[in-house]
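The following exercises concern the protein shown below. Each task is followed by a solution in steps.

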Amino acid sequence: MLKRIAKTLGFKKKRTASGPHIVPPGSHPIVPEDMSRGASEVVSGLEQAGYTAYVVGGCVRDLLLGLKPKDFDVATNATPEEVKAVFRRAQIIGRRFRIVHVRFGREVIEVTTFRAHHTNSPSKDKNLSRQSKEGMLLRDNVFGSIDEDASRRDFSINAMYYHPTDNTIYDYADGLQDLEQKTLRIIGDAATRYREDPVRMLRAARFAAKLDFQLDQKTFAPIPECAALLGDISSARLFDESLKLLMSGMAFATYQQLCQLELFAQLYPQTAQLLDDDFYQALIAQAMRNTDARINNRQRVTPAFIYAALLWPPLVEQRKQYIAKGDSPLYSLQQAGSDVIHQQIKRTAIPKRFTAMMKEIWDLQARLNKRNGQNAARLFSHPRFRAAYDFLLLREQAGEQTEGLGDWWTLYQEVDEDEREAMIAALPKPKSGKRGRRPRRKPKADHAS
Ligand code: ATP
Ligand code: MG
């Protein structure tokens with residue numbers, strides 16, 4: 001595939017005086033049939049209504065690399081309102097960056113209006129252009145030409161426009177050359193672009209990992225010093241970005257990139273502090289690898305599991321403090337869990353449905369050992385048993401000694417009722433005497449999440 005791209009680089013592309021490289025049909029591997037139904041219909045619908053429209057971004061990049069695009073994005077000179085008027089099932093979304101979602105069955109096409117540069121004179125309309133003192137774009141809704149739009153995109157490989165009607169690629173920022181050289185290069189001055197939108201740094205880590213590309217020197221250099229700007233991004237947006245980082249099937253490579261670029265600590269400050277510890281380091285790496293394996297095997301994954309693993313190191317440390325104060329192991333685990341979640345949601349706003357599941361997975365770590373009597377059967381029928389069991393195996397894979405608890409539960413699931421009873425009968429008897437809970441102090445208000 002890349003050889004075919006190289007061919008286009010070698011002699012088939014044309015360069016207009018100041019415009020893009022034009023790569024005509026036959027000189028690149030994309031054909032109009034590669035477009036999804038939604039992408040084709042959005043482009044043709046907009047063109048029939050008198051606008052221009054191109055397929056752009058990750059789908060062009062991925063098709064050139066022989067990868068299956070995750071989604072299709074369309075760029076047009078029609079304003080969001082004009083786009084909405086063309087399609088029945090269209091919805092304008094976003095305030096910082098207004099776009100239109102056009103729905104075709106289960107497919108959603110993101111349609112963006114060509115963006116332009118922001119002038120220094122402040123805009124009268126605060127919904128079009130607004131910038132923070134640090135240079136962050138709080139509103140990025142100034143519309144412009146396709147040339148301007150290309151220079152407002154993040155990386156050169158994401159600034160290639162494909163026109164299905166003439167089957168031609170318009171490469172505005174030497175993206176083809178960077179694809180060939182496996183280089184991720186930001187468009188424009190890197191520090192300025194990261195100040196405008198610090199999330200671009202996370203995107204750099206994600207694309208470098210996904211595509212196995214190197215960041216070019218100028219793209220890489222300002223990241224560590226700009227990393228703290230991520231503190232200005234809303235926790236809701238960072239949670240969404242964190243899912244793209246963790247749930248793409250390349251979580252381990254992405255995690256390594258995030259650490260190398262000193263971005264991991266921005267997203268997970270409590271965990272980052274503990275990564276010097278070999279066990280914690282192994283646990284996080286293993287959680288990422290397991291998630292990738294599941295995604296690549298088309299098994300179900302939940303953000304709750306990976307977040308439960310990411311926050312396990314600070315939870316264990318925090319729990320020690322409660323235990324040292326005399327609290328029971330289970331109570332200490334629950335309180336420590338609430339504490340670490342309370343801190344984490346300031347960075348990434350984990351929705352309640354996931355934090356609830358994380359707490360259940362953690363809770364069960366303290367209870368999986370209590371197998372006597374009816375306990376094992378009760379635990380086995382718990383809706384989170386499977387996730388908790390996987391989590392136990394993860395802890396063991398990372399090197400934690402659990403006296404064979406994982407193997408015990410593996411066997412328990414494989415055998416019949418009689419053998420289960422025998423397994424339980426063979427367990428050491430629970431220590432007698434203390435049946436009730438240890439008296440505990442009232443939880444302090446500041447520990448409640
Ligand atoms: P994928 O969909 O595979 O994750 P993508 O490159 O398509 O990758 P999207 O988030 O779908 O990423 O964005 C579509 C395009 O919009 C990008 O390719 C890029 O051109 C542009 N873009 C997205 N986010 C930004 C940003 N923060 N700054 C500048 N341009 C962006
Ligand atoms: Mg995309």
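**Exercise 1: Backbone at E262 and D174**

E262 lies in the loop between α12 (251-260) and α13 (264-267), where helices (H or I, at least four residues) and strands (E, at least two) are DSSP runs numbered from the N terminus. This is a predicted model in which local features need pLDDT of at least 70 and side-chain atom pairs count only at pLDDT 80 or more, while totals for chains, interfaces and linings use all residues. Residues are numbered from 1 along each chain as its sequence is written, chains are lettered from A and ligands numbered from 1 in the order in which they are written, and side-chain values use heavy atoms, with hydrogens and water left out.

Task: State the phi value of E262 and that of D174, and describe the setting of D174.

Solution.
1. Phi of E262 is near 60°, a positive value in a residue other than glycine.
2. D174 also has a positive phi near 60° and is not a glycine.
3. Most residues other than glycine have a negative phi.
4. D174 sits in the loop between β11 (168-171) and α6 (175-181).
5. With a relative accessibility of 48%, E262 is partly exposed; buried means under 20% relative accessible area, exposed over 50%, and partly exposed in between (1.4 Å probe, protein chains only).
6. D174 is likewise partly exposed, at 24%.

**Exercise 2: The magnesium site**

Task: Identify which residues coordinate the magnesium ion (ligand 2).

Solution.
1. D71 and D73 coordinate the ion through their OD atoms, at 2.2 to 2.5 Å.
2. Donors are N, O and S atoms within 2.8 Å of the metal (3.2 Å for Na, K and Ca); water is not among the atoms, so sites may look incomplete.
3. D71 is partly exposed, at 33% relative accessibility, whereas D73 is buried, at 18%.

**Exercise 3: The surroundings of N158**

Task: Determine whether N158 is buried or exposed, and list what N158 touches.

Solution.
1. N158 belongs to the loop between α5 (146-152) and β10 (160-163).
2. Its relative accessible area is 4%, so N158 is buried.
3. Leaving aside residues up to four places away in sequence, N158 touches V56, G57, G58, R61, R153, R203 and F207; contact means heavy atoms within 4.5 Å.
4. The side chains of N158 and D154 are joined by a polar contact of 3.0 Å.
5. A polar contact is a pair of N or O atoms within 3.5 Å; within protein, one must be able to donate a hydrogen and the other to accept it, and residues adjacent in sequence count only if both atoms are side-chain atoms.

**Exercise 4: The nonpolar cores**

Task: Name the residues that touch the most other members of the largest nonpolar core.

Solution.
1. A nonpolar core is a set of buried Ala, Val, Leu, Ile, Met, Phe, Trp, Tyr and Cys residues joined through side-chain atoms within 4.5 Å.
2. The largest such core has 98 residues, of which L263 and W362 touch the most other members.
3. Helix α8 (residues 199-211) gives this core its largest share, eight residues.
4. Residues touched by W362, not counting those up to four places away in sequence, include Y307, W312, L333 and F391.
5. A second, separate core of 16 residues has A376, Y412, V415 and L427 among its members.

**Exercise 5: Cysteines**

Task: Explain why C259 forms no disulfide.

Solution.
1. A disulfide is a pair of cysteine sulfur atoms within 2.5 Å.
2. The closest cysteine sulfur to that of C259 is in C226, 19 Å away, which is too far for a bond.
3. The structure holds zero disulfides.
4. C226 is buried, at 4% relative accessibility, and C259 is partly exposed, at 31%.
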